[in-house]
Amino acid sequence: MPFPAPPLQPYGNRHGGSGVRAWAITGDTLSVEFVDGAVYDYRRQDIGPRLFTAACAAARAGRGLS
C-alpha cells in the first residue's frame, strides 16, 4: 500500500526562474514538485547524505533548488 503524499510547501524561488513549485521533507526523502506538476522523490540513500543535506537546505532557503 503506497504512503500518502506529504503536504508540500511552496518553494520560495528567491532568484526567480526556478522550475520548482513546492517541496516537502519526510524522513530521508525530499519530495519536489516541478511547475509541470511532476513530483520527484530524492532519497538520502540514493543521492548520498551530503547532497541530500544540501538539497534540503536549498529547499528551506527558497533558492538553489531547481
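## A walk from the sheet to the helix

Start with the strands: 4 of them make an open sheet in the order E1-E2-E3-E4, with antiparallel pairing. Colour the two ends next: strand E1 (9-10) and strand E4 (39-43) are the edge strands, each pairing on one side only. Here two strands pair if DSSP finds at least two bridges between them, and helices (H or I, at least four residues) and strands (E, at least two) are DSSP runs numbered from the N terminus.

Before going on, a word on what you have open: it is a predicted model, where local features need pLDDT of at least 70, side-chain atom pairs count only at pLDDT 80 or more, and totals for chains, interfaces and linings use all residues. Residues are numbered from 1 along each chain as its sequence is written, and side-chain values use heavy atoms, with hydrogens and water left out.

**Stop 1: E2 and E3**

Select residues 20-26 and 29-34. These are strands E2 and E3, which run antiparallel and are joined by 6 bridges. Pick Val20 and you'll find its bridge partner, Phe34, in E3. Ala22 stands opposite Glu33 of E3. Now go to the hairpin of E2 and E3: there are 2 residues between the strands, and Gly27 has a positive phi near 60°.

Stay in that loop and click Asp28, which sits between E2 and E3. Is Asp28 buried or exposed, or partly so? Its relative accessibility is 39%, so Asp28 counts as partly exposed (buried means under 20% relative accessible area, exposed over 50%, partly exposed in between, with a 1.4 Å probe and protein chains only). Leaving out neighbours within four places in sequence, Asp28 is in contact with Tyr42, Arg43, Arg44 and Phe52; contact means heavy atoms within 4.5 Å. Try a C-alpha to C-alpha distance from Asp28 to Phe52: you should get 8.3 Å, for residues 24 apart in sequence.

**Stop 2: E3 and E4**

Step along to Thr29, in strand E3. Thr29 has a relative accessible area of 18%, so it is buried. Across in E4, Arg43 stands opposite Thr29. Show the contacts of Thr29, again skipping residues up to four places away in sequence, and you get Ala24, Asp41, Tyr42, Arg43 and Phe52.

Zoom out to the whole of E3. Of its 6 residues, 5 are buried, so E3 is largely enclosed by the rest of the structure. On the E4 side, E3 is joined by 5 bridges, and the two strands run antiparallel. Follow the chain round their hairpin, which has 4 residues between the strands; Gly37 in the turn shows a positive phi of about 95°.

**Stop 3: helix H2**

Select residues 49-61. This is helix H2, which packs on the sheet and touches E2, E3 and E4, its direction making about 50° with that of E3 (axes are lines fitted to C-alpha atoms, for helices over the stretch in contact, and angles run from 0 to 180 degrees between N-to-C directions). Its 13 residues reach 18 Å from first C-alpha to last, close to the 18 Å expected at 1.5 Å a residue; the expected span is 1.5 Å times one less than the number of residues.

Which residues of H2 are buried? Highlight Phe52, Ala55, Cys56, Ala58 and Ala59. Look down the axis of H2: these buried residues fall within an arc of 160°, so they line one face of the helix (the arc is that of the directions from the helix axis to the C-beta atoms). They pack against E2, E3, E4 and helix H1 (44-47). Turn the helix over and the face away from its buried side carries the exposed residues Pro49, Arg50 and Arg60. Right after H2 comes Gly62, with a positive phi near 80°.

**Stop 4: the core**

Now select Tyr11, Val20, Trp23, Leu30, Val32, Phe52, Ala55, Cys56, Ala58, Ala59 and Leu65: these 11 residues form the largest nonpolar core. Such a core is a set of buried Ala, Val, Leu, Ile, Met, Phe, Trp, Tyr and Cys residues joined through side-chain atoms within 4.5 Å. E2, E3 and H2 each supply at least two residues of this core, and H2 gives the largest share, with 5.

Finish on Ala59, in helix H2. With 1% relative accessibility, Ala59 counts as buried. Not counting residues up to four places away in sequence, Ala59 touches Tyr11, Trp23, Leu30 and Leu65. From Trp23, with that same exclusion of residues up to four places away, the contacts include Pro7, Leu8, Tyr11, Val32 and Ala59.
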